[in-house]
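Good morning, colleagues. Please bring up the structure, and I shall go through it chain by chain.

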Amino acid sequence: MSDDEQVSKNRLHGLWALTNRDLKKWYKAPIIFLLTILQPIVWMGLLGKSLNIGAIFSPRQIPSIAFNPPLTLAQLGQLSSSIQGLSATVMKNAFGVTDYFSFMAMGMVSFATLLTASFSGVSVVWDRRLGFLNKVLSTPVSKTVIILSKVLSSALRSIFQAGIVIIVAIVFGLKFGTNFTAFSILGVFAIVFLICMGLSSLFIAINLRATRIETPQAVMTLFTLPIIFVSNAFFPINLMPSWLQAVANVNPLSYTTDAVRRLMIFSNGMGKYPFSLPFDFAYVGAFAAVSTIIGVVLSWRFLNK
Amino acid sequence: MSEDVINVEGLTKVFNGRLMAVDHVNFTVKRGEIFGFLGPNGAGKTTTINMLITLLRPTEGKASILGSDIAKENVDVRNSIGFVPQEYTADEDLTGYENLLLCADLYGIQRAVSKKRAIDLLNLVELAEFKDKLVQSYSGGMRRRLELVCGLINRPKVLFLDEPTLGLDVQTRVATWNFVRMLKKEFGMTLFMTTHYLEEADALCDRIAIIDHGKIRVIGTPEELKGGLGGDTITLAIQKDTDITEFVKKINHVVDVKKENDAYLIKAENGEVTAPLIIEALRREGYVVTKISLTKPTLNEVYLQYTGKSLQDVEERNEANMAEGLTFRRAKQ
C-alpha cells in the first residue's frame, strides 16, 4: 500500500502518544484536575500554617507573672527584642530560614511529587486489568516506550504540581532567598522532573506483574509516608537521631528538597553539609538514571501478558 | 509468496511447567480465508492467538505469519497483523476518534494518514457521528465496532479476532459477521478467529479447527466435518409391527438403519432425495408410513463426536462470565 512508506521506523515511536493518553486522563477530567490544584492549597493552608513553630519563640510565651518584682517597660522591651533575636538565630540554625512555613512549603514540593510518582504504579495495573496493555503489546511499540511513557507523564504532572505548590506558597507568604531569580523556578522544575522519573520507575517496577489494584495501593501506603518523613522535607536532618540521619542522607528526596530550598528560599551560606546544589543535582540525576534503567530492563522480562 | 499465510508446526505452550494449554498443534491458514478455532473456554484458543500475535512466547514449536517467525521477527509480525481482543480495550476516557488515532500512533503511522484513515474506518462501522463522544458513553455494540476498526488501523494483511461476538445480541452479531465477510471479500484479508458459538463457526468460517484440551481434534470445512458424520438422519415410523430394518438397508443411498422403539433411525446421504425414495419403496411393499422427519447434521454433532461433549452448557457459563466483566467495568467508574 502506498501509505506504507509513511510508517515511522523510530524506535521510540508511540512515546508521546502513550504519554499524552495518560495526561489526557488527568487534564481532561475537570474534577481530578481541580483536586490536583486543591491538594497543595489544603495541605499547606492547614498543615503548614498549623505548625507555627516560630511562634514558640515569642515574648508572649513568657507570662509576666514569672517575674518578681515585675519588669519595667524598658526591661520588657529589652527582653522582647532579645527573644526575637534568639528566635531568629535558632530558627535560622535549624531550618536555614527564619520562618517554618517557607521551609515546610518547599518540602511540600517533594511530597506532592512523591504522591504523583506513587500513582504511576496504579495506572500500570489498570492498563493490565482492562486489557489495554495487551493491545499495546500486540503493536510494534517497544516495552521500553510503554514504561517511559508512564514515567514521562508522571514527571510532567509533577512539574505542573510543583508550579501550583510554589504559587500557593507565595500567596500564603513564602519568603524568597536573596539568590532567587526567575531561573530558580526552572531549576526546581528540572529537579522535580528527575526525582519523579526515578520514583515513578521504581513504583512501576514493583507493580509490573501486579494484577490487583490493591497491590499498588498497599505499596503506596507502605512507602510514601516513611520516605517523606525520613527526609528533610518537614524536619531538618541534623536534629534527627544519628542512625536516622544515615538513612535520611541517602534518601534522594532529601537532595531534592535541599535543591528546591537552595533555589527558592536559602540565602548565601545557608544549607548544611553534605548538601550543595551541584551535588543535589548529580545525586538525584544518578538516582533517576539508575531507577529508569532498572524499570526498563525489568519490563523486558516481566511486562508480558 | 506462498499461499500459506499462517504456518504452525508443533506449537506448544506449557504454563508453570505443568499446565499444557496448547499441545503440539499443527495447521496452516491460506491467503484470503476465514479460519476458525472452535472450542470451549480453556481449550487453548486464546493462548494460541496470544502466541501468534507475539504476546506469549511458545514453549515449543514454530509458527510464522507471512514468512516472519513469531519468535524471532516479532516486530515484522506485529506490523503486518491486526488484533481484536475479547475484552473492550478502548480507553473509556478518550473519544472514539482519539482512540483510533492512538492506535495509529502505536503503529507509527503519520498523523496526516491516520486522521483520514480513522474517519474512513468510523464511517465504515457507522460511528462517525459519535466520533467525538467519550467511549464510556458507547453501547456494547458500538464498543465492539470500535474495537474492530482499531484492529484495522494499520491495514493488516492478517486480522486476529478473539471471540468477536461474545455477549452480543443477535442483530449486532449478524452485522459483525457481515463486516468480517466484507473484509475478506473487499480487502482480500486473511482472518483467524476463535469462537465457541457453533452457528458462528458454521456461518462464517471457511475452515474450522475443533480444539479441546489444547489439541486440535479435526480440521476441515463445515461441510466436510458434517459430511464426515455419515450424512443426514431420517426418522420414520410405520403402521405395522414388522421389522423393516433389513429391507430399508437395501434402498439406494441408505448408509445405516437402527430401530429405536417404534422408530427407525436411517442414516442416508442427501436426505431430501432419499426420503421420498424410501417412502415409495415402502408403499410398494404395502407399508404405510405414519411419521417421517429429516435432520441435517449440525456442527454440534460434529463437536460432540470429536470432543465427547456438547458446547451448550459451556456457552451458558460464558454468558455468566461476561456479565461479571461488565459489573467490574461499571464499578470502576
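Domain bounds, as I use them here, come from an automatic or database domain assignment. With that understood, and noting that this is a predicted model, let me begin with chain B. The assignment gives chain B a domain 1 covering 4–226 and a domain 2 covering 230–296. Taken over C-alpha atoms, the centres of domain 1 and domain 2 of chain B are separated by 45 Å. Along the principal axes, the C-alpha atoms of chain B fill a box of roughly 80 × 45 × 40 Å.

As to secondary structure, chain B contains 12 helices and 14 strands. Of its 333 residues, 42% count as buried. If we take contacts in chain B between residues at least 6 apart in sequence, 69% of them join residues at least 24 apart.

I should now like to draw attention to three loop residues of chain B. Asn16(B) lies in the loop between strand 1 (4–15) and strand 2 of chain B. Although Asn16(B) is not a glycine, it has a positive phi of about 55 degrees. Is Asn16(B) buried or exposed? Asn16(B) counts as exposed, because it has 5 C-beta neighbours inside 10 Å.

Glu163(B), likewise not a glycine, has a positive phi of about 50 degrees. Its place is in the loop between strand 7 (158–162) and helix 6 (170–187) of chain B. Here the surroundings are described otherwise: Glu163(B) has 24 other C-beta atoms within 10 Å and is therefore buried; the cut-off for buried is 20 or more.

The third residue is Gly32(B), in the loop between strand 2 (19–30) and strand 3 (34–38) of chain B. Gly32(B) is partly exposed, since 15 other C-beta atoms lie within 10 Å. Which residues does Gly32(B) touch, leaving aside those up to four places away in sequence? They are Lys184(B), Gly188(B) and Thr190(B). In addition, the C-alpha atoms of Gly32(B) and Lys157(B) are separated by 9.1 Å, while the two residues are 125 residues apart along the chain.

Turning to the interface, 24 residues of chain B are in contact with 25 residues of chain A. On the side of chain B that touches chain A, helix 2 (74–80) and helix 3 (96–106) of chain B each supply at least two residues. By class, that side of chain B has 12 nonpolar, 6 polar and 6 charged residues.

This brings me to chain A. Chain A is divided into domain 1 (12–50 + 98–302) and domain 2 (52–95). The centres of these two domains of chain A, over C-alpha atoms, are 39 Å apart. Between them, 8 residues of domain 1 of chain A are in contact with 8 residues of domain 2 of chain A. Helix 2 (30–50) and helix 4 (100–118) of chain A are the elements that give two or more residues to the domain 1 side of this contact. That side comprises 4 nonpolar, 2 polar and 2 charged residues.

Finally, consider a helix pair in chain A. The axes of helix 7 (residues 143–171) and helix 8 (residues 182–206) of chain A come within 8 Å and cross at roughly 140 degrees. Helix 7 of chain A is therefore oblique to helix 8 of chain A. The crossing is right-handed. Among the residues that meet are Ile147(A), Val151(A) and Ile159(A) in helix 7 of chain A, and Phe189(A), Phe193(A) and Met197(A) in helix 8 of chain A. By class, this contact has 14 nonpolar, 4 polar and 1 charged residues. Thank you for your attention.

Methods:
Residues are numbered from 1 along each chain as its sequence is written. Chains are lettered from A and ligands numbered from 1 in the order in which they are written. This is a predicted model: local features need pLDDT of at least 70, side-chain atom pairs count only at pLDDT 80 or more; totals for chains, interfaces and linings use all residues. Axes are lines fitted to C-alpha atoms, for helices over the stretch in contact, and angles run from 0 to 180 degrees between N-to-C directions. Helices (H or I, at least four residues) and strands (E, at least two) are DSSP runs, numbered from the N terminus. Angles under 35 degrees count as roughly parallel, over 145 as roughly antiparallel, 65 to 115 as roughly perpendicular and the rest as oblique. A crossing is left-handed if the near helix is turned anticlockwise from the far one by less than a right angle, and right-handed if clockwise. Two residues are in contact if their C-beta atoms, placed from the backbone, lie within 7 Å. Ala, Val, Leu, Ile, Met, Phe, Trp, Tyr, Cys and Pro count as nonpolar, Asp, Glu, Lys and Arg as charged, and the others, Gly among them, as polar. A residue is buried if 20 or more other C-beta atoms lie within 10 Å of its own, exposed if 12 or fewer, and partly exposed in between; C-beta atoms are placed from the backbone.
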